[in-house]
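Hi,

Here is the structure I promised to pass on. Have a look at it first, and then read my notes below.

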Protein chains: 2
Amino acid sequence: MSLYQHPLPTDGELEILQILWEKGPVTVRQVNEEMNLLRPVGYTTTLKLLQIMDSKGLVSRNSTQKVHVYAAALPPDQTRKALLDRFLETTFQGAAGEMVLQLLGGHRTTEDELSRIRQMLEDQDNQNGQ
Amino acid sequence: MSLYQHPLPTDGELEILQILWEKGPVTVRQVNEEMNLLRPVGYTTTLKLLQIMDSKGLVSRNSTQKVHVYAAALPPDQTRKALLDRFLETTFQGAAGEMVLQLLGGHRTTEDELSRIRQMLEDQDNQNGQ
DNA sequence: ACGCAACTACGAATGATTTCGTATTTTAAG
DNA sequence: CTTAAAATACGAAATCATTCGTAGTTGCGT
């Protein structure tokens, strides 16, 4: 049950969300096993975090079955966008262009990604009226 | 004096770095006054944070004068890039293109920024050999 | 040289997040 | 129905970051 709307996830909560987004609705044990592929985490640690996330409305819980099954409450795009906006503010003081330049300066992007970005730029141009 | 090399700044530390980057070398009092333009912060709070940042090597301190003068140890680009890389990993699992799309989808960028981004894209194209 | 005002040092309280231990509940097997 | 294994609930310790109070230092003006 959710107490408030949709606070941004903490780092630990985000780690779990990434698993939920990739694997779909899963049990605590499955989440914990995924976690342990990366680093050692106790079962009850994972459980507790999922319970907290449920109380925050970050995940939904299906309790009709024997074991509870958790799923992310929001799609990845929406959550990542919200995190991105905060990061852009705190780290780049809102200068989106600066951030893109820093990013592209150091990362190889795929052809597909590049053309989608170009399309996005054209759309921006059109909206800007040149 | 610095104990280790260059850990990433915390959010509170970053807030101070932004001031140091903008104002150049300044005293604790000056930093604290800038902070108080945004929200109430005790003088010793700012002082303590600067001392911690000094011990981490995030700032340098000039103690030859009556009052200490602090300056950022690293340029903004380098620090922001490091923070960006971590954020890209934790939030977008390294998918830089996805992140740019999310970003441009919701932010108005200036013409100047757009053309610099286009130039950056061309450079990427050339490196990719198409 | 004295005293005040400003500054530095630093321990410790607070707050947020993560981690875990233990108790309780549930379910499936025998 | 009984029991064991697995799951859930939850208090509380551990960790990390932030904030502040207090004590001690410095140096300028008189």
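One thing before the details: this is a predicted model. I'll start with the contacts to the DNA backbone. In the side chain of Q51(A), an N or O atom sits 2.9 Å from a phosphate oxygen of DNA strand D. Y43(A) does something along those lines too, with a polar side-chain atom 2.7 Å from a phosphate oxygen of that strand. Chain B joins in through R39(B), where the distance from a side-chain N or O atom to a phosphate oxygen of DNA strand D is 3.3 Å.

Now the wider surroundings. There are 18 residues around DNA strand D, and those that come nearest are R29(A), Y43(A), Q51(A), T10(B) and G12(B). By type, the residues of this surface split into eight polar, six charged and four nonpolar. Helix α3(A) gives the largest share, with five residues. At least two residues each come from α2 and α3 of chain A and from α1 and α3 of chain B. On the DNA side, sugar or phosphate accounts for 59% of the strand D atoms within 4 Å of the protein, and bases for the rest.

I also looked at N32(A), which is in helix α2 of chain A. N32(A) counts as buried because its relative accessible area is 7%, under the 20% cut-off. Its side chain makes a polar contact of 2.7 Å with the side chain of T46(A). Leaving aside residues up to four places away in sequence, N32(A) touches V41(A), G42(A), Y43(A) and T46(A). Y43(A) is thus a neighbour of N32(A) as well as a phosphate contact.

Cheers

Technical notes. Residues are numbered from 1 along each chain as its sequence is written. Chains are lettered from A and ligands numbered from 1 in the order in which they are written. This is a predicted model: local features need pLDDT of at least 70, side-chain atom pairs count only at pLDDT 80 or more; totals for chains, interfaces and linings use all residues. Side-chain values use heavy atoms; hydrogens and water are left out. A residue is near a molecule or strand if one of its heavy atoms lies within 4 Å of it. A polar contact is a pair of N or O atoms within 3.5 Å; within protein, one must be able to donate a hydrogen and the other to accept it, and residues adjacent in sequence count only if both atoms are side-chain atoms. Helices (H or I, at least four residues) and strands (E, at least two) are DSSP runs, numbered from the N terminus. Ala, Val, Leu, Ile, Met, Phe, Trp, Tyr, Cys and Pro count as nonpolar, Asp, Glu, Lys and Arg as charged, and the others, Gly among them, as polar. Buried means under 20% relative accessible area, exposed over 50%, partly exposed in between (1.4 Å probe, protein chains only). Contact means heavy atoms within 4.5 Å.
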